[in-house]
Amino acid sequence: MDILDVKTTQHSEFQEITKSVQAVVARSGAKRGHVIVYVPHTTAGVTINENADPDVRADMQADLERLVPWKQGYYRHGEGNSAAHTKAALMGHSVLLPIEQGKLVLGTWQGVYFCEFDGPRSRKVYVQISKE
Amino acid sequence: MDILDVKTTQHSEFQEITKSVQAVVARSGAKRGHVIVYVPHTTAGVTINENADPDVRADMQADLERLVPWKQGYYRHGEGNSAAHTKAALMGHSVLLPIEQGKLVLGTWQGVYFCEFDGPRSRKVYVQISKE
Amino acid sequence: MDILDVKTTQHSEFQEITKSVQAVVARSGAKRGHVIVYVPHTTAGVTINENADPDVRADMQADLERLVPWKQGYYRHGEGNSAAHTKAALMGHSVLLPIEQGKLVLGTWQGVYFCEFDGPRSRKVYVQISKE
């Protein structure tokens, strides 16, 4: 299993990791199979979305911020970052991608994004390849 | 890897693809393993939900429309379909289903649904089987 | 494939199942591979989140309740539990975890949670191991 280091610089940030994941796939020599991209944190997640116009990520982040604002009167968790936990769960902690002909199978406009919701922090992403 | 063609007819639509996925499983001859159902688009997703009463899907679509309405003052993406990107990320771009005894393992009331959020369009769904 | 029995006691409840999943992994003898934790229900899901402070789960449940309240004027589904379907889809019906050195790969603070949204009920969770 490979471990990627991700350094986020914002409190909330979608950082593209597609190339790093593809590099792990290439190094593995896997021609066919799949890859699990797994985020071992509870206030960060991972998602797939558009890699072309960065405004898309900004708009998605704004949607998430509107849906789950940082402060709520009912929050009890002492660390004060419950919103980050909820947003991470909404995005999910893993994505699963097929590998064909030695490459990630992604749509033309798709990229893999690490989703930071309580940064900036140093984070890890686990990448596990299953060959076939 | 098999590719399903999905033709959506509405702007927002949950279209059941369970039988098509099951057909791929049957053709593969896999007795045990799992299947990745992967949507290579950024404004469409895939989810699992009730296959009995179609009102459930209508209610879920209405919930998503309420949570992420089509227009927001803060949207900057020129194509104007940021809401579709967010909704796709909320549902996710893949589902993973176990295969046992040559069949998809689904609960009694579960079906696999392609989630269109910016249709109508011609879409693809990738189906990759891992045998064991 | 192993089947876990989960008995929920609340209408809405995040119940930790990490140890049960780990026990299936241990029994399987798998040293490396991955595990699919699959919920075969349409009003329950599964997610990964913090296993330390139970307030986090309470806050996440409160967020979901706020985002998808039990009653909406537009709900048409006769059973009246559409909100549970939407919440289950937001959390998702499966999590996929890597196995390394015979153990689930989880972050320090991560646990696997069965998400009940229409309980209390007797539920099932399917756990399927893929060895490598």
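This is a short tour of a predicted model, stop by stop, for your viewer.

**Stop 1: the axis**

Start by colouring by chain, then superpose chain A on chain B. A turn of 120° with a shift of 0.0 Å along the axis lays one on the other, at an RMSD of 0.0 Å. That is how a three-fold axis relates its copies. Now look down the rotation axis and select Leu90(A). Its C-alpha lies 3.4 Å from the axis, and no other residue of chain A comes closer. Keep Leu90(A) displayed, since the next stop uses this residue again.

**Stop 2: the second largest cavity**

Which residues line the second largest cavity? Select Leu67(A), Leu67(B) and Leu67(C), then add Leu90(A), Leu90(B) and Leu90(C), and you have the lining. The space inside comes to about 30 Å³. By class, this lining holds 6 nonpolar residues, with no polar and no charged ones.

**Stop 3: the largest cavity**

The model has 2 cavities of 30 Å³ or more, and the largest has a volume of about 570 Å³. Its lining is made up of 35 residues; to find the centre, select Gly92(A), Ser94(A), Ser94(B), Met91(C) and Ser94(C), the ones closest to it. If you colour the lining by residue class, how many nonpolar, polar and charged residues appear? The lining of the largest cavity divides into 23 nonpolar and 12 polar residues, with no charged ones.

**Stop 4: where chain A meets chain C**

Hide chain B for now and show the contacts between the other two chains. On this interface, 30 residues of chain A touch 31 residues of chain C. Interface size is often quoted as the accessible area that is lost when the parts come together. For chain A and chain C the buried area is about 2500 Å², and carbon and sulfur atoms account for 53% of it.

Next, turn on polar contacts. Across this interface there are 17 residue pairs in polar contact, counting pairs with both residues at pLDDT 80 or more. Then look for the salt bridge, as the count between chain A and chain C is 1. Select Arg76(A) and Asp55(C): these two form a salt bridge, and their closest N and O atoms are 3.8 Å apart.

**Stop 5: comparing the surfaces**

Bring chain B back and mark the interface residues on chain A and on chain B. Why do the copies meet through different surfaces? Only 13% of the interface residues of chain A are also interface residues in chain B, so different surfaces are used when the copies meet.

How values were computed. Residues numbered from 1 in each chain as written. Chains lettered and ligands numbered in written order. Predicted model: local features only at pLDDT ≥ 70, side-chain atom pairs only at ≥ 80, totals over all residues. Heavy atoms only, no water. Least-squares fit on C-alpha atoms with pLDDT ≥ 70 in both. Contact = heavy atoms within 4.5 Å. 1 Å grid on protein atoms, 1.4 Å probe; cavity = no way out; pocket = protein on both sides within 12 Å on 5 of 7 lines; lining within 4 Å. Points joined across faces, edges and corners; volume = space filled by probe spheres on them. Nonpolar A, V, L, I, M, F, W, Y, C, P; charged D, E, K, R; others polar. Buried area = accessible area lost by both parts, 1.4 Å probe. Salt bridge = Lys/Arg side-chain N within 4 Å of Asp/Glu carboxyl O. Polar contact = N/O pair within 3.5 Å; in protein donor to acceptor, adjacent residues only side chain to side chain.
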